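Colleague: Please put the model up. I would like to go through its fold, one helix and one side chain.

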Amino acid sequence: MSEAYDKVRGVIELPIFPLALVLFPGVPLPLHIFEPRYRQMLSDVRAGNSLFGVSYFDASTSEQDTPAAGHIGCVAEVTELQSLPDGRSNILTVGIIRYRIEEFIERKEPYLLARVSFFEDEEEDESVLGEAAHEVAETFTRIARAVRIINDERASLPDISDTEPQRLSFLVAAAMEVDTDVKQDLLELRSTSERLQRLRDMLDRAVSSYEERARIHELAKGNGHSGREIDLE
């Protein structure tokens, strides 16, 4: 059993925090907690296992009031807490493991509570995954290097070449500037190889453009700067 499964061992019911973003396992997420119902949720989870679910939900585009049963989200673990004098809080969380909402539970709590099941990617050939992960890491690093040149950033890039394939796929998916629906699709996949393939396709379409922009920037510094986000669409 993985460390992620160990953290949710015995967990059947999970508080759900709907947000207009996608959280991936292994990725940090800072949050500002200010609504009374989520202050209560934070207090409750801190008194227990410090776990709650982050579910992608955009109320402005949805006909429903909450995520539907069957929705896939990611468990967040509260790792740091800064309490403010007026009852608000700044917290740092990190994604742990994905879950599927089986059904919502009617309780007295002001926040959503759901019965969930947890899952990770299916087992696949490690040699195939290693090759795909190497290609994704190499192309992503090329784009990140180009973006730093465009933005005149001097710090060195971290080496991600030896990152475990599933973890790499989540880290790259989180870092990419694509539509949130695309990120949700990547989160829901249960095949690391398929996720890496989709990432590789998006990165391959973008890398030449970024490297050309970086080359031109080096030739003509001072003629403007590109934005900091990596847009891969």
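Modeller: This is a predicted model, where local features need pLDDT of at least 70, side-chain atom pairs count only at pLDDT 80 or more, and totals for chains, interfaces and linings use all residues. Numbering starts from 1 along each chain as its sequence is written, and side-chain values use heavy atoms, with hydrogens and water left out.

Colleague: What pattern does the chain follow along the sequence?

Modeller: Helices (H or I, at least four residues) and strands (E, at least two) are DSSP runs, numbered from the N terminus. The chain has 6 helices and 6 strands. Read along the sequence, they give α-β-β-α-β-β-β-β-α-α-α-α.

Colleague: On how wide an arc do the buried residues of H5 lie?

Modeller: Buried means under 20% relative accessible area, with a 1.4 Å probe and protein chains only. In H5 (residues 180-188), that holds for Lys 183, Gln 184, Leu 186 and Leu 187. They sit on the same side of H5, because their arc, taken from the directions from the helix axis to the C-beta atoms, is only 160°.

Colleague: Which helices are included in what covers them?

Modeller: Contact means heavy atoms within 4.5 Å. The cover includes strands E3 (51-56), E4 (72-83) and E5 (89-104). It also includes helices H4 (165-175) and H6 (192-219).

Colleague: How far is the backbone oxygen of Ile 150 from a polar side-chain atom of His 217?

Modeller: His 217 is in helix H6. His 217 counts as buried because its relative accessibility is 6%. The distance from its polar side-chain atom to the backbone oxygen of Ile 150 is 3.4 Å.

Methods. Buried means under 20% relative accessible area, exposed over 50%, partly exposed in between (1.4 Å probe, protein chains only). A polar contact is a pair of N or O atoms within 3.5 Å; within protein, one must be able to donate a hydrogen and the other to accept it, and residues adjacent in sequence count only if both atoms are side-chain atoms.
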